[in-house]
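Okay, thanks for coming, everyone. I'd like to walk you through a few local features of this one, so let me put it up on the screen.

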Amino acid sequence: MWFFARDPVRDFPFELSPELPEGGPPGPWVLHRGRKKATGSPVSIFVYDVKPGVEEQTQVAKAAFKRLKTLRHPNILAYIDGLETDRCLHIVTEAVTPLGAYLKARAEAGDLRELELSWGLHQIVKALSFLVNDCSLIHNNVCMAAVFVDRAGEWKLGGLDYMYSAQGNGGGPPRKGIPELEQYDPPELADGSGRAVREKWSADMWRLGCLIWEVFNGPLPRAAALRNPGKIPKSLVPHYCELVGANPKVRPNPAHFLQNCRAPGGFMNNRFVETNLFLEEIQIKEPAEKQKFFQELSKSLDSFPEDFCRHKVLPQLLTAFEFGSAGAVVLTPLFKVGKFLGAVEYQRKIIPVVVKMFSSTDRAMRIRLLQQMEQFIQYLDEPTVNTQIFPHVVHGFLDTNPAIREQTVKSMLLLAPKLNETNLNVELMKHFARLQAKDEQGPIRCNTTVCLGKIGSFLSAGTRHRVLTSAFSRATKDPFAPSRVAGVLGFAATHNLYSMNDCAHKILPVLCSLTVDPERSVRDQAFKAIRSFLSKLESVSEDPTQLAEAEKDVHAASSPGMGGAAASWAGWAVTGVSSLTSKLIRAHPTAAPAETNVPQRPVPEGHWETQEESKDAEEDSTAADRWDDEDWGSLEQEAESVLAQQDNWSTGGQASWAGQTSNPGHKSQESDWSSWEAEDAWEQGWQEPSPPEPPPEGTRLASEYNWGGPQPSDKGDPFAALSVRREAGAQPRRDSWGDDNWEGLEAESRQAKAELARKKREERRREMEAKRAEKKTAKGPMKLGTRKLD
């Protein structure tokens with residue numbers, strides 16, 4: 001029976017890459033790229049082939065194998081595995097590149113920066129300090145060929161072939177026998193006279209000076225070239241001169257060299273080195289220090305190398321979020337680093353964290369996620385958006401903080417193309433209807449209308465027909481002037497989604513009513529939109545064959561392309577709307593639909609529990625109560641200042657105005673504002689207008705003004721005058737929205753009915769109290785064991 005010996009190289013869990021070897025330090029070692037067979041992860045493999053007649057060289061290679069296997073330090077080449085046979089030696093380390101090849105590639109790409117070199121030299125000096133001061137070992141081979149760089153740009157010290165003990169154990173330094181390495185020996189070793197007393201680190205510090213010269217000037221041709229610093233930075237030259245001084249006694253200890261270079265104005269005193277040092281000790285830092293570090297990190301990332309951000313900063317950010325208490329401060333640097341990742345890597349590393357963040361109850365984190373959604377939305381697939389993102393985002397529509405509601409509305413511009421039929425046409429429309437009708441903040445109502453106009457093309461044909469006309473008509477009656485402008489622009493932006501019949505019977509009547517709006521900006525936009533719709537109707541009237549072409553998009557399925565064209569026509573920009581809304585919220589923190597001159601429904605004191613009043617409050621606060629019961633943490637300072645200015649944000653306060661709408665004719669809409677399913681309720685805003693209010697005394701007809709004749713009118717703006725007359729008779733108000741008299745002629749009757757109801761309730765209360773007193777007097781004191789039935 002034959003037995004075959006197993007090949008240890010074949011059974012080795014790592015294999016060499018078929019690519020050509022990368023070289024390695026001068027000597028017998030050859031550096032190969034490799035990978036782990038089980039996982040395919042990249043590694044570097046140093047290979048030494050044992051040859052007969054070179055026993056001394058083989059012993060040096062085996063000593064290097066042993067040293068690298070036993071030495072562990074962040075700045076020394078990391079040993080992973082090894083193989084030792086009679087024919088070869090294999091040392092497997094982390095994937096690295098020789099420093100010479102790395103610097104050449106970076107220089108050719110134009111990405112080599114002085115910051116990166118300062119940190120790399122800091123790491124090599126720190127490794128030497130560890131060897132000399134902690135291990136009493138002399139490296140004896142510091143040069144460009146003994147330094148390697150990993151994928152994060154970290155410099156690692158290798159080339160341990162000629163290392164020996166500084167205490168004299170095991171004999172003196174081994175003989176190199178390689179001329180390329182002997183040129184780095186200090187002069188006191190070259191002449192062999194031993195004329196100067198030297199420290200144990202003197203020789204390695206001389207070689208460090210040679211390494212610094214090569215990093216900035218290229219390969220060292222001869223030792224005499226060290227006298228000329230060349231391209232070495234001026235802040236490093238004094239310390240470099242100490243290293244290459246002829247007197248070995250004055251060469252500094254590696255630890256002292258680091259301190260000198262880290263002094264104010266020193267070569268290694270910069271933000272990049274400080275960031276790396278903090279990351280090395282981040283596990284022992286206080287939470288307050290971590291918070292401050294991550295807040296300032298984003299400003300510096302643009303000047304840091306890309307590989308460093310991807311492979312060193314990103315893992316720390318993910319760890320800080322997963323296991324630490326960093327919170328929302330990691331978001332900005334996280335998304336900034338994410339720009340350096342490919343699509344696959346982004347999906348694997350960033351998206352799971354983003355999905356988890358959306359379920360957080362931290363308000364500050366939620367608002368920052370919404371603000372920076374455009375940075376990661378392209379990496380989210382539709383199933384993830386609909387099942388894991390959107391259910392959490394929609395809670396923001398019901399948040400009591402206006403900043404959260406505002407950002408939630410604007411985020412729909414990015415989420416709408418990825419939403420499914422139910423989420424887009426049902427759930428989202430319910431929330432938009434509620435915001436547009438009942439939100440206290442005029443800017444948020446305005447933003448809701450703007451957003452609806454921009455996502456209108458994504459809606460289904462049925463939803464567009466049921467929602468758009470009614471929603472934009474509603475906006476044109478808003479007391480907040482920018483909301484009225486947004487309603488006009490919404491009609492214009494979605495002009496291709498309406499039939500000719502709707503344009504003539506529904507849209508133009510609404511727009512014509514705005515031609516006498518008190519605000520000049522509203523009138524200007526209304527005239528532009530009217531001209532556009534009239535031109536469209538006129539072209540179809542002249543050539544009826546164009547009707548099919550003009551209405552081709554009315555019944556078409558959702559088309560993202562139409563939304564882009566519409567938004568361009570309207571001249572909308574998300575950033576512009578955002579800045580406008582933020583300013584308006586700060587300027588008018590309590591601006592609400594209830595702040596018109598509509599008489600409020602009187603509420604008798606002590607009777608909040610009456611059935612008639614609690615019904616409205618229940619409808620408004622059912623969903624909000626579930627949301628507000630959770631602990632959402634602290635919001636950013638600006639949002640908190642907005643909340644501090646609010647006087648009455650309670651559910652009861654909302655109920656006091658929730659039942660009122662901008663048109664007295666559709667009181668029946670009160671129970672339908674949570675949905676746009678009730679088409680009739682929405683369309684009453686323009687189908688059943690209240691009787692026109694008679695003009696104030698002294699108002700001239702439009703035909704009496706000079707609208708463009710040769711003689712200019714000396715009356716000024718007739719609409720401005722009309723606005724002044726109307727405001728003169730109105731009651732003083734807390735804001736500057738203007739008097740829009742939403743209730744018209746029915747306001748007084750509604751107030752009278754409310755007053756009558758209040759009196760009836762008060763009489764009923766007195767009757768009940770009288771009956772209770774009468775029963776108590778008749779029965780006398782209650783007996784023990786009896787039960788009170790009244």
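**Starting with a helix**

Let's begin with helix H7, which covers residues 202–217 and so has 16 residues. From its first C-alpha to its last, H7 reaches 23 Å, close to the 22 Å expected at 1.5 Å a residue. Bear in mind, by the way, that this is a predicted model. How many of the 16 residues of H7 are buried? It's 15, so H7 is largely enclosed by the rest of the structure. And just after H7 comes Gly218, with a positive phi of about 95°.

**Positive phi away from glycine**

Now, a positive phi on a glycine is one thing, but let me show you two residues that aren't glycine. Ser136 has a phi near 55°. You'll find Ser136 in the loop between helix H4 (114–134) and strand E7 (137–138). Is Ser136 buried or exposed? Its relative accessibility is 14%, and the cut-off for buried is under 20%, so Ser136 counts as buried.

Go past E7 and you get to the second one, Asn140, in the loop between E7 and strand E8 (147–150). Here phi is near 70°, again a positive value in a residue other than glycine. Asn140 counts as buried too, at 5% relative accessibility.

**The loop between H17 and H18**

Next, please look at the loop between helix H17 (382–393) and helix H18 (402–415), which is where Asp399 sits. Asp399 is buried, with a relative accessible area of 3%. What does its side chain have within reach? A polar atom of the Asp399 side chain lies 2.7 Å from the backbone nitrogen of Asn401. Hold on to that loop, as I'll come back to it in a minute.

**Aromatics**

On to the rings. How many aromatic pairs does the count come to? The answer is 16. I'll pick out a couple. Take Phe358 and Phe376: their ring centres are 6.2 Å apart and their planes are at 65°, and over 60 degrees is the cut-off, so that pair is edge-to-face. This pair links distant parts of the chain, with Phe358 in helix H15 (residues 351–358) and Phe376 in the loop between helix H16 (363–371) and H17, 18 residues apart. Both Phe358 and Phe376 are buried.

Then there's Phe397 with Phe432, another edge-to-face pair, at 6.0 Å centre to centre and 90° between the planes. And here's the loop I promised to return to: Phe397 is in the loop between H17 and H18, while Phe432 is in helix H19 (residues 421–438), 35 residues away, so to speak, across distant parts of the chain. As for burial, Phe397 comes in at 1% relative accessibility, and Phe432 has a relative accessible area of 0%. Both values are under the 20% cut-off, so Phe397 and Phe432 are buried.

One more for the ring fans: Phe272, Phe304 and Phe308 form one aromatic cluster.

**Cysteines, to finish**

Last topic. A disulfide is a covalent bond between the sulfur atoms of two cysteines. How many disulfides does the count come to here? Zero. Two cysteines to look at while we're on the subject are Cys446, buried with a relative accessible area of 5%, and Cys451, buried at 2%.

That's my tour, so over to you.

Technical notes
Residues numbered from 1 in each chain as written. Predicted model: local features only at pLDDT ≥ 70, side-chain atom pairs only at ≥ 80, totals over all residues. Heavy atoms only, no water. Disulfide = S-S within 2.5 Å. Buried < 20%, exposed > 50% of the residue type's maximum accessible area, 1.4 Å probe, protein only. Helix = DSSP H or I, 4+ residues; strand = E, 2+ residues; numbered from the N terminus. Expected span 1.5 Å × (residues − 1). Polar contact = N/O pair within 3.5 Å; in protein donor to acceptor, adjacent residues only side chain to side chain. Phe/Tyr/Trp six-rings, centres within 6.5 Å; stacked < 30°, edge-to-face > 60°.
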